[in-house]
Amino acid sequence: MKAYQQGWTLRRRVAALLGVVVVLLLGLAAAEAAVAAKNRQNIDAVLLKTGPLRVQAQELMSVLLDQETSVRGYAVNGDRGDLEPYREGVKREQDLVASIRDLSADYPDVRRSLDVVEQETAQWRTQVAEPVITTVERNGPEAGQALITDATRQQFDGIRTAVNTLQEEILTVRQETADRVNATSNTLVVLLIIAALVVTTAGVVMLLSLDRILIRPLADLVGQVREVADGDYRHRIEGSGPPEFRRLADDIDQMRMKIARELDEVREARERIEWVNSQLQKQAEELTRSNRDLEQFAYVASHDLQEPLRKVASFCQLLQRRYAGQLDERADQYIAFAVDGAQRMQRLINDLLAFSRIGRLTTGFTEVDLNKVMGDVAGQTEAALQYSDAELTWGEMPTIRGEEPLLTNLLVNLVSNSVKFRRPDVPPKVHVSARLVDGEWEISCRDNGIGIEPEFADKIFVIFQRLHSKDAYPGTGIGLAIVKKIVEYHGGRVWVDTDADEGTTIRFTLPALEADIEAAKAAETAADDDTTDAQDAAEPAEAPAAEGADGDPADVGRQPDGEAREEPPAEADRHGTNGGMKETVG
């Protein structure tokens, strides 16, 4: 951490460099502003003061000449109209003198020259012009001409000299002001050049500094990172330059070491996975051999074992028929035991073969209409239904992808179990229904039989597992195991609904077709829209009963909250089934 505190940080270095440049540029900007203001002041003096002073001085000279000419003309002619330029000239002279005095407030030499002009003019007017005018008015033009002599002309030449001196002073002031304008303009140009040099120098220094403190360390860091990225995870990353880069290099190096450790762990895990894969491969080979042995066993069980078993069963039955009543009671009992054992062994072997063939001997998945399947189930279980005076009903069933023989076997087993495990003196009622739940068809088989205790809900699906003795209920205990295997083969799951109020309800799921899922979503959307319209209308109305596709009340439907409902078997006969699919035997 101390290494990071040595030297200025990158931000501090850049801030210091930019601060120096900003201070220099601000100083130059202030100097340029001052020089520019002075230059503007001098230009204003040239344009608004010295220029008008020069023009007015020339006009003043012209006015004085007009006065002198007017007086001389009046002395010659004695016409008072000739004095009009004199009187107007006097007024114009006063205005020009006042204006020149205002414009020359900052030029004392010009004011002194103007004072001399005023003195000379006043003296000429007092000593020459007024006396000549008075003499002409009193004594005539000849007396007035006598007063105009060389001395009076020389006196007016003094006025001309004073005015020339005034003009020279004005020219001098104008030239000095112009020189100051040139000087300030040159100074402004120099300052601009200096500012440009400062900016250029600062840019060069900035580039060099950034190259040394930013670009080179960053390029070096990038090069080291690329070496690590190329696979050299053992390469240590070392930073240089500002503390931020050194800290960044240490952080990247920490990340490199972490990646290296994780890669070592991945490498070890890969080695372990490869070892596990090799073991799994060996187990797969063992399973393949075991499956071949099982297939051979199935073949043997279906051929080699069946033949001697049939012989045993046949001869035992012959003994039973031929010698029944001829031997003692115990012999008849032994023969009955042998016949029953041979028959049960045949049933066990046949059920075991059927269980082993599920998923192994396949015809391929097709679209299966479970309504048709339920018709086949009713036909196959017709004898049992008639014998027990049972009633089988079902609602509208979906179409799914699967193997029709297996699905038929599945439902036959469920219906047969429902009929088998009936309550005494109560006619069995079995109802099969379906509903769409989360993209799957949930199919239920409900009966009004003896029911299943919750603690045995999972036990009944174990092969050869029985909850009752063979004397109470016949069978091998493999039917529900076959059901579970068929459901799982089709990608579903099966369970016992322990919340059923009466009898037994076994539910299983099967994947739904994409068209059914989309149709269900569209129906839910339409139902939501209808609910919104009904709320907007604010008209209370009684919701109509749900109907099936043919107008009859449907056994299975969706409630407004999106859940499916299912009618118990006891009420199924009152509503019938969708499409009239109802099987009543009795």
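Which are the buried residues of α2? Figure 1 answers this, and the views after it turn to other parts of the chain.

**Figure 1. Helix α2 in a predicted model, with its buried and exposed residues.** Helix α2 covers residues 84-103, and its 20 residues reach 29 Å from the first C-alpha to the last, close to the 28 Å expected at 1.5 Å a residue (the expected span being 1.5 Å times one less than the number of residues). Its buried residues are Tyr86, Gly89, Val90, Glu93, Leu96, Val97, Ile100 and Leu103. They cover an arc of only 155° around the axis, so these residues are on the same side of α2; the arc is taken from the directions that run from the helix axis to the C-beta atoms. On the other side of α2, Lys91, Gln94 and Asp102 are exposed. Throughout these legends, buried means under 20% relative accessible area, exposed means over 50%, and partly exposed lies in between, with a 1.4 Å probe and protein chains only. Helices (H or I, at least four residues) and strands (E, at least two) are DSSP runs numbered from the N terminus. Residues are numbered from 1 along each chain as its sequence is written. Because the model is predicted, local features need pLDDT of at least 70 and side-chain atom pairs count only at pLDDT 80 or more, whereas totals for chains, interfaces and linings use all residues, and side-chain values use heavy atoms, with hydrogens and water left out.

**Figure 2. The surroundings of threonine 177 in helix α5.** Threonine 177 lies in α5, which spans residues 150-229, and it counts as buried at 0% relative accessibility. Not counting residues up to four places away in sequence, threonine 177 touches Asn42, Ala45, Val46, Thr50 and Tyr107, where contact means heavy atoms within 4.5 Å.

**Figure 3. Valine 339 in helix α8 and the residues it contacts.** Helix α8 is formed by residues 329-357 and includes valine 339, which at 7% relative accessibility counts as buried. With its neighbours within four places in sequence left aside, valine 339 is in contact with Cys316, Gln317 and Gln320. Of these contacts, cysteine 316 is itself buried, with a relative accessible area of 13%. Valine 339 and valine 312 are 27 residues apart in sequence, and their C-alpha atoms are 8.2 Å apart in space.

**Figure 4. Serine 418 in helix α11, with cysteine 445 among its contacts.** Serine 418 belongs to α11, residues 404-420, and is buried, with a relative accessible area of 6%. Leaving aside its neighbours within four places in sequence, serine 418 is in contact with Val430, Cys445 and Asp447. Cysteine 445 is buried as well, at a relative accessible area of 4%. The structure holds zero disulfides, a disulfide being a pair of cysteine sulfur atoms within 2.5 Å.

**Figure 5. Two loop aspartates with positive phi.** Most residues other than glycine have a negative phi. Aspartate 389, however, has a phi near 55°; this residue is found in the loop between α10 (382-387) and β2 (391-394), and at 40% relative accessibility it counts as partly exposed. Aspartate 438 likewise has a positive phi, of about 55°, although it is not a glycine. Aspartate 438 lies in the loop between β4 (429-437) and β5 (440-447), and at 79% relative accessibility it counts as exposed.

**Figure 6. Alanine 146 in helix α4.** Alanine 146 lies in the helix made of residues 141-147 and counts as exposed, at 54% relative accessibility. From C-alpha to C-alpha, alanine 146 and valine 132 are 8.9 Å apart in space, and they are 14 residues apart in sequence.

**Figure 7. Confidence along the chain.** The chain averages a pLDDT of 77, and 80% of the residues score at least 70; pLDDT is the predictor's confidence in each residue, from 0 to 100. Confidence is lowest in strand β8 (residues 556-558), at a mean of 33, and highest in helix α9 (residues 370-380), at 91. Over residues 540-586 pLDDT stays under 50, and the model has 83 contacts beyond four places in sequence for them. For residues 1-5, where pLDDT also stays under 50, the model has five such contacts. Where pLDDT is low, the predicted coordinates should not be read in detail.
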